[in-house]
Amino acid sequence: MTKEERHSIILELLMQHNSILVTDLAEHLNVSSVTIRKDLTDLEKEKKLYRNHGKAILINPYINDRNVNEKEKFYTEEKRLIGMQAASLIAKKDSILIASGTTMHALARCIQTTDKLTVITASLQVAIILSKDRNIDIIELGGILRHSSLSVVGKYAEAALADFSCSKLFLGVDGIDLDFGITTTDMMEASLNRVMMRTAQKTIVLADSSKFGRRGFSKISDMEDVDQIITDSKVSPAIAKRIEEMGIVLTIADEPLMIPSGRS
């Protein structure tokens, strides 16, 4: 087998599994671990994968902070479907928390209710979207404005949550590493997210499939603190299986729902 053939097989395996151990690649290709490491070094130089702790990952798992307007351009259809699925979980006369991020914007656009709904949010954009519906009471948290996300963070936002109890938190994240946990790029946002999780009875993470296998700078929580994940149909079967084995409810948003949340 030539080096080019090995490289092709390695990339094909990564497309299927997102990450794979050096030892598993060596066994699969019947070559030494030294040969595999050289192959991975070559492929990393070509920016086709990322090496990390004895394994290869399809993409660089470490995420830089990006402006929310830039993020809005990516995975728009996946976020829309995820938002519709999440909105269907909102009950009549519910009280919910909505964190920040572009998937939260998609959720806000999908919320339609004929009953009273109370929403606490850190996101300016979520508040603006929901403000068009007079059935929704909006509590906008105060604090330090993060310009990149157009959301608030800090001790004032965290302190305000001490007075509330909500049924659900809809949480956007920058990365989901099934071994490390859920993460964001900002440590103050991670701190606020942890307080939000304590304020809500259930934590529901909304994340398109590109977020899996990635890490932001700041850890929000371990996977065991997550009750449900809503993602799109491109999530790998291996990741889906592991999530379900962890006891986390996994919902795949692949078809539009016909009944908006809160409709009688």
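Which residues are exposed on the other side of α10?

## Helix α10 and its two sides

In this predicted model, the residues exposed on that other side of α10 are Pro-237, Lys-241 and Glu-245. Helix α10 itself spans residues 237–245, and within this stretch Ile-239, Ala-240 and Ile-243 are buried. These three buried residues lie on the same side of α10, because they cover an arc of only 100° around the axis. An α-helix has 3.6 residues a turn, so residues three or four places apart point the same way.

## Surroundings of α10

The buried residues of α10 pack against two strands, namely β14, which comprises residues 228–231, and β15, which comprises residues 249–252. Just after the helix, Gly-247 adopts a positive phi of about 85°.

## The three-stranded sheet

Elsewhere in the model, three strands form an open sheet in the order β10-β11-β13, and their pairing is antiparallel. The edges of this sheet are β10 (175–177) and β13 (218–221), each of which pairs on one side only. From one strand to the next, the twist averages 35°.

Strands β10 and β11, the latter covering residues 181–184, run antiparallel and are joined by three bridges. Asp-177 has Gly-181, in β11, as its bridge partner.

## Helix α9 over the sheet

Helix α9, formed by residues 187–199, lies across β11 and β13, and its direction runs at about 5° to that of β13.

Notes: Residues numbered from 1 in each chain as written. Predicted model: local features only at pLDDT ≥ 70, side-chain atom pairs only at ≥ 80, totals over all residues. Heavy atoms only, no water. Buried < 20%, exposed > 50% of the residue type's maximum accessible area, 1.4 Å probe, protein only. Helix = DSSP H or I, 4+ residues; strand = E, 2+ residues; numbered from the N terminus. Arc of directions from axis to C-beta. Contact = heavy atoms within 4.5 Å. Pairing = 2+ DSSP bridges. Axes fitted to C-alpha atoms, helices over the stretch in contact; angles between N-to-C directions.
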